[in-house]
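Here is a walk through one protein model, written for someone who would rather be at the bench. Have a look at the fold below, and then we'll go through it piece by piece.

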Amino acid sequence: MNILLIVTAAIVLCALMLVKKSLVIISQSETKIIERLGKYYATLSPGINIIIPFIDRTKEIVTLRNGRYVYSNTIDLREQVYDFDKQNVITKDNVQTQINALLYFQIVDPFKAVYEISNLPNAIEKLTQTTLRNIIGELELDQTLTSRDTINTKLRAVLDDATNKWGIKVNRVELQDITPPESVLQAMEKQMQAERNKRATILTSEGQKAAAILKSEGEKTAIINKAEADKQMAILNAEGEAQARIRKAEAEAIAIDKITEAVGKSSNPANYLLAQKYIQMLQELASGDKTKTVYLPYEATNLLGSIGGIKELFQSTEKK
């Protein structure tokens with residue numbers, strides 16, 4: 001009886017072990033490669049899968065965990081990132097630079113990732129390093145420092161094309177650090193400082209130039225405005241003098257007409273006007289400095305004749 005119980009328990013235990021080995025549970029975004037008698041049989045999908053124990057087995061694949069290569073029978077289908085250590089590369093102008101990169105990739109074909117390459121992480125790392133050296137070797141240091149997007153695009157395209165046969169899709173490549181030698185960094189810092197000083201000098205010169213131009217334009221405008229004002233003033237003065245002369249001439253003409261009307265034909269009006277001028281001049285001479293010598297006009301008879309004309313004018317006026 002005891003032997004029967006033991007045998008029954010052993011059979012149940014073996015059955016449970018066979019059921020356990022027959023059922024394979026796959027998590028989401030993971031898969032396993034199944035080989036039957038050493039030959040590829042199936043790629044398991046997420047959920048419960050049934051296999052034949054001792055006949056079917058899972059194929060192991062090399063993965064990178066915590067910086068170490070380990071074997072695992074589970075293939076992660078999610079996007080993965082590899083952080084590669086810094087490596088020395090030489091630019092086109094023979095400057096040795098240290099660069100490290102981040103690689104984002106995803107396994108899209110587990111069959112190829114298992115059977116087309118023996119050590120997938122190591123192959124990706126070496127391919128990334130050699131491709132990065134080739135790309136940096138075609139660029140000078142200044143281009144390397146300022147063309148990260150271009151380098152990332154070229155590197156991703158080359159890696160994606162090369163890893164396609166391994167069932168890998170390279171989604172993105174990012175350069176983390178580009179570290180030139182210390183001597184080059186010091187030279188770049190001095191060059192940058194010199195460039196800043198140059199820009200400051202240029203900006204100062206341009207400011208002084210602009211200020212001088214504005215000042216000269218202001219002075220020019222002031223001179224033009226002053227000249228225009230003087231011109232307008234001269235024009236107005238000339239017009240005023242012209243108007244004054246016209247008015248004076250018109251007044252003299254009216255005076256001459258009045259004198260002609262008063263004197264009539266008995267005397268010449270010109271003599272009357274000339275006599276007035278002589279009398280006015282004599283008054284001015286008499287009111288001046290007494291020590292000065294006074295000279296009478298040479299044609300004294302004309303003056304007397306003019307005075308006589310004035311006398312006749314007065315007499316004719318009295319008669320009227």
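## The overall picture

In the protein chain, 62% of the contacts with a separation of 6 or more are between residues 24 or more positions apart. Keep in mind that this is a predicted model. The protein chain has eight helices and 13 strands. It runs to 320 residues, and 25% of them are buried.

## A small sheet of three strands

Let's start with a sheet that is easy to trace by eye. Three strands make up an open sheet in the order E4-E3-E6, and the pairing is antiparallel. E4 and E6 are the edge strands with a single partner strand each, so each has one side left without a neighbour in the sheet. On average, neighbouring strands here are turned by 35° against each other, direction ignored. As a general point, strands of a sheet pair through backbone hydrogen bonds, in either a parallel or an antiparallel way.

Now the pairings themselves. E3 covers residues 33–36 and E4 covers residues 39–43, and four bridges hold this antiparallel pair. The two strands form a hairpin with two residues between them, and Leu37 in the turn has a positive phi of about 55°. Within the pair, Ile34 has Ala42 in E4 as its bridge partner, while Glu35 is matched with Tyr40 in E4. As for E6 (residues 56–58), this strand runs antiparallel to E3 and is joined to E3 by three bridges.

## Glu35 and Arg57

What stands opposite Glu35 in E6? That residue is Arg57, and the two also form a salt bridge, with the closest N and O atoms 3.2 Å apart. Arg57 sits in strand E6 and Glu35 in strand E3, so this salt bridge ties together parts that are 22 residues apart in sequence.

Are the two partners buried or exposed? Glu35 is buried, at 4% relative accessibility, because anything under 20% counts as buried. Arg57, with a relative accessible area of 46%, is partly exposed.

## Other salt bridges

The full count is nine salt bridges. One of them links the side chains of Asp76 and Arg78, at 2.9 Å from N to O. Asp76 is partly exposed, with a relative accessible area of 21%.

Arg172 and Glu174 form another salt bridge, and their closest N and O atoms are 4.0 Å apart. Both ends are partly exposed: Arg172 has a relative accessible area of 35%, and Glu174 comes in at 31% relative accessibility. There is also a network, in which Arg156, Asp160 and Lys169 are joined by salt bridges that share partners.

## A buried lysine with no salt bridge

Lys32 is one to click on. You'll find this residue in the loop between strand E2 (30–31) and E3. Lys32 is buried but has no salt bridge. How far away is the nearest side chain of opposite charge? That side chain belongs to Glu30, and the distance is 7.2 Å. A salt bridge needs the nitrogen and oxygen within 4 Å, so this pair does not count as one.

And what does Lys32 touch, leaving out residues up to four places away in sequence? The list is Val24, Ile26, Ala42, Thr43, Leu44, Thr58, Asn73 and Thr74. Among them is Ala42, which is the bridge partner of Ile34 in the hairpin.

## The nonpolar cores

The largest nonpolar core has 30 residues, and Leu103 and Leu120 touch the most other members. At least two residues each come from strand E12 (96–107), helix H2 (110–115), helix H3 (120–136), helix H5 (148–162) and strand E13 (168–179). H3 gives the largest share, with six residues.

Leu120 is a handy place to zoom in. Setting aside residues up to four places away in sequence, Leu120 touches Ile107, Ala113, Trp166 and Ile168. A second core, separate from this one, has five residues, including Val24, Ile34, Leu44 and Ile51. Two names from that second core, Val24 and Leu44, also turn up in the contacts of Lys32.

Key
Residues are numbered from 1 along each chain as its sequence is written. This is a predicted model: local features need pLDDT of at least 70, side-chain atom pairs count only at pLDDT 80 or more; totals for chains, interfaces and linings use all residues. Side-chain values use heavy atoms; hydrogens and water are left out. Two strands pair if DSSP finds at least two bridges between them. Buried means under 20% relative accessible area, exposed over 50%, partly exposed in between (1.4 Å probe, protein chains only). Lys and Arg count as positive and Asp and Glu as negative; His and the chain ends are not counted. Contact means heavy atoms within 4.5 Å. A nonpolar core is a set of buried Ala, Val, Leu, Ile, Met, Phe, Trp, Tyr and Cys residues joined through side-chain atoms within 4.5 Å. Axes are lines fitted to C-alpha atoms, for helices over the stretch in contact, and angles run from 0 to 180 degrees between N-to-C directions.
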